[in-house]
Amino acid sequence: MVRRRFTFRGTVQGVGFRPAVYRLAVSAGLAGWVQNRRSVVIAEVQGDEARVDGFRAALRSGLPAACRLESVSESGAAVVPGERDFQIAESSADAYSFPPIPPDLPTCPECAQELLDPANRRHLYPFITCTQCGPRYSIVERTPFDRQNTSMQAFPQCPACLAEYRDPGDRRFHSQTNACPACGPRLRAYGSDGQEAAGDPLRAAIRALAAGRVVAVQGIGGFHLAADPRAPAAVQRLRRDKERERKPFALMVRDLAGARLLCDLSPAEEQLLRSPPAPIVIAPRRADAPAWTLRVSDTDTLGVMLPYTPLHLLLFVHPGAEIDWQALIMTSGNLAGEPIITDPAEARERLADVADLFICHDRRIVFRTDDSIVRVGAAGPPFLLRRSRGHVPRLLHLQSEVRGVVLALGGDLKNAPALARGRDLHLAAYNGDLESAETLWQFDGQVRRLLELYGVAPDVVARDLHPGYHSGRWESPAGARSVDVQHHHAHALSVMAEHGLEEALALSFDGTGYGTDGVTWGGEFLHATRRDFTRLGSFAEFPLPGGDAAVLHPPRIALAALGEEAPGSIPGLDEQQERFLRAMIRARTNCPLTTSLGRVFDAAAAILGLVDRTTYEGEGPIRLEGRGLRARALGRSEDQASGHRLQDLLPFRDGPGDSRVFVVNPRPLLGALRGRGGEEVDSLALLFHQAVAHASWEGARRMRAHTGVRKIALSGGVFQNLLLRDILIPLLVRDGFEVFLNEEIPAGDGGLAVGQAWFDPG
Ligand SMILES: [Zn+2]
Ligand SMILES: [Zn+2]
């Protein structure tokens, strides 16, 4: 007779882990118990050695698909005389680390099957779940993840559900979200007049969509606005009322086959579509994709996802009103610049002008999540453009401890705060840009609930160095230490945190961040440690007429970046505007300097006539990348055609006497794009990316020569550019660099807080 104690770490709560361990132990004939602790699951098993061995072996294959086991440790324990049964013990709280809470999980195949089975008591029930699927993080109020700690506590189980919950042989044994039409959440439909619509809400939704209307649908982490993309009026209306003039909309398709009709999907992209986060995958549009897809996205890519809740699934397969949508637009239910709405009453009020019908439910959303967005390049791992549903609140495990409890507030764009303690880091869901009062308020609430959820108060509050950032104004509790982290250092640190690096070179390339000299940085070559950094190089400063407002008018950036010695018209600027801007630049009126590489991308896009004004973040660079990818697909290279030497396009000069050893001048490259267009645009766009990649590589070599360091971190929003990654990463790898990238978090400002938390304030 032996007794062994197993400690399981990872995503082990809310995924049917304890019931699975229970079944394995019982079928092995063992006594003991399994219990949720705050941060781990512990099981003690007792029996003869052979049976324990059998249990250990069965663990390898018998655990639920949704669990992500990070480690299992095993130790001996004292035999408990007379113990006969195996039990799922009451959850207990301990306080040593962050308790892992599972992310929301997409509907599993078994539930999808039951949903459509007329004989099943949950036939067409839009809130069917089991231990393997359903809401988790979005409904949790406290830990551990038990029903009474979630918004499911409002729905006591009926006898039939309770019987399943208590039956070890049932697949809903101990399912915390268990519910049925008799006892669980309910769907309701409301018209834009606020009146509840009679009849089946799902049929009403399907009818409205078929009639070209816009329908607000309450999903797992917030509202979507749904529309049939084949209805031009619906798409126009969404664009007008959401103030979303050109930004592509995400599409939900019925299944993988539906996605294949729209996009050329690689195996990696198909795998991501079906992965537990069920993200939006940005994939190349098929050449023969239906014409309506152009209304949804005017780039060469489409963002597609699969239905991930029973409610979404029913919009596609409801037997009473089956319509073959080729796809449905599913865009975040919010107004321009505001966070996604989670409350039905608020949705009906704020979206009253946007949507004709509201499909709402009464399972309260505690934590808001948007759809996560991911993209796959040829080089490097898939990369996240937005980290939210399905990823949050999975903890990042750091390779060494942070000091005390660290709250990192992130930046003002794509804000996402983070909380770290010991080796655990929780990066919160994406909030959006902290420009509107609404987003700021949400940010404040999110930070507060995050601290409450884990029951901690921060010892250190890390913020961006920018004196004007709203996120930085968050008031630290008394006694907490406040530290400022430079923006591009934080980007570098975000990669270093993911890979446990104490020191690395870094290419920190993005649109904007406050530099230590008060200049807006964004094209930075850094040598970073957790404590400090040295700026060894940068792109050359140029003036930004009108400051950040210039971002909305890329032709202005182009004029300023080209400099005075290059007169002549730029697409999108008339002579008068040009004279005015030149006067502004000469007089240095409201012309802050920038070293931003993101702005150089904007300038290039404007010079090639790809963007006259920016209607969504990154619009110019996204178009530029798209045109470059077209040239690459045709195997074209401007480099060979025109005999440009890449090193001449972005020449290096010596640093100006500060820490910089070199400065990269973007003017010759931008000049080479001038006055050319038409058929050349694609290959010029490719040339631009090649030149930037080569200059990045050259800068990396110079930094390596200067420091002897060959580990290099690539981060910042510019590294969400697939073409640049695909060209640059192999160049660095072939030259002997160890290249590190963001993997679990976005390279843009959505991952900034991770770097801030990894900063060592000494
Ligand atoms: Zn299920
Ligand atoms: Zn029930």
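Q: Hi! Which domains is the protein chain divided into?
A: There are four pieces: domain 1 (2-88), domain 2 (187-361), domain 3 (395-485) and domain 4 (520-529 + 535-750). These bounds come from an automatic or database domain assignment. Keep in mind that this is a predicted model, where local features need pLDDT of at least 70, side-chain atom pairs count only at pLDDT 80 or more, and totals for chains, interfaces and linings use all residues. Residues are numbered from 1 along each chain as its sequence is written, chains are lettered from A and ligands numbered from 1 in the order in which they are written, and side-chain values use heavy atoms, with hydrogens and water left out.

Q: Thanks. How far apart are the C-alpha centres of domain 2 and domain 4?
A: They lie 35 Å apart. The contact between them, meaning heavy atoms within 4.5 Å, takes seven residues from domain 2 and 10 residues from domain 4.

Q: And what area is buried between domain 2 and domain 4?
A: About 680 Å², with carbon and sulfur atoms giving 39% of it. Buried area here is the accessible area (1.4 Å probe) that two parts lose on being put together, summed over both.

Q: Which residues in domain 2 lose the most area to domain 4?
A: E245, R246 and D300, which together account for 64% of what the domain 2 side buries.

Q: Switching to metals: what coordinates the zinc ion (ligand 1)?
A: Four cysteine sulfurs do that job: C108 (SG), C111 (SG), C130 (SG) and C133 (SG), at 2.3 Å. Donors are N, O and S atoms within 2.8 Å of the metal (3.2 Å for Na, K and Ca), and water is not among the atoms, so sites may look incomplete.

Q: What's the geometry at the zinc ion (ligand 1)?
A: Tetrahedral, with angles of 102 to 118 degrees among the four donor atoms. Four donors count as tetrahedral if all angles lie between 85 and 135 degrees. For reference, the ideal angle for four tetrahedral donors is 109.5 degrees.

Q: How are its donor residues spaced in sequence?
A: The pattern for the zinc ion (ligand 1) is C-x2-C-x18-C-x2-C. Within it, C108 in the loop between β5 (86-88) and α3 (109-115) and C133 in the loop between α3 and α4 (159-166) are 25 residues apart. Helices (H or I, at least four residues) and strands (E, at least two) are DSSP runs, numbered from the N terminus.

Q: Is C108 buried or exposed?
A: C108 counts as buried because its relative accessibility is 7%. Buried means under 20% relative accessible area, exposed over 50%, partly exposed in between (1.4 Å probe, protein chains only). C133 is buried too, at 0%.

Q: Which protein donors does the zinc ion (ligand 2) have?
A: C158 (SG), C161 (SG), C180 (SG) and C183 (SG), lying 2.2 to 2.3 Å from the zinc ion (ligand 2). The arrangement is tetrahedral because the four donor atoms subtend angles of 103 to 117 degrees. In sequence, the donors of the zinc ion (ligand 2) are spaced C-x2-C-x18-C-x2-C.

Q: With that many cysteines, how many disulfides does a search of the whole structure find?
A: Zero. The test is a pair of cysteine sulfur atoms within 2.5 Å.

Q: Last topic, helix α1: how many of its residues are buried?
A: Eight of the 11 residues in α1 (residues 17-27) are buried, among them F17, Y22 and L24. The cover over the buried residues of α1 includes β1 (2-11), α2 (49-61) and β4 (68-76).

Terms used:
Tetrahedral: all angles 85-135°; square planar, octahedral: opposite > 155°, others 65-115°.
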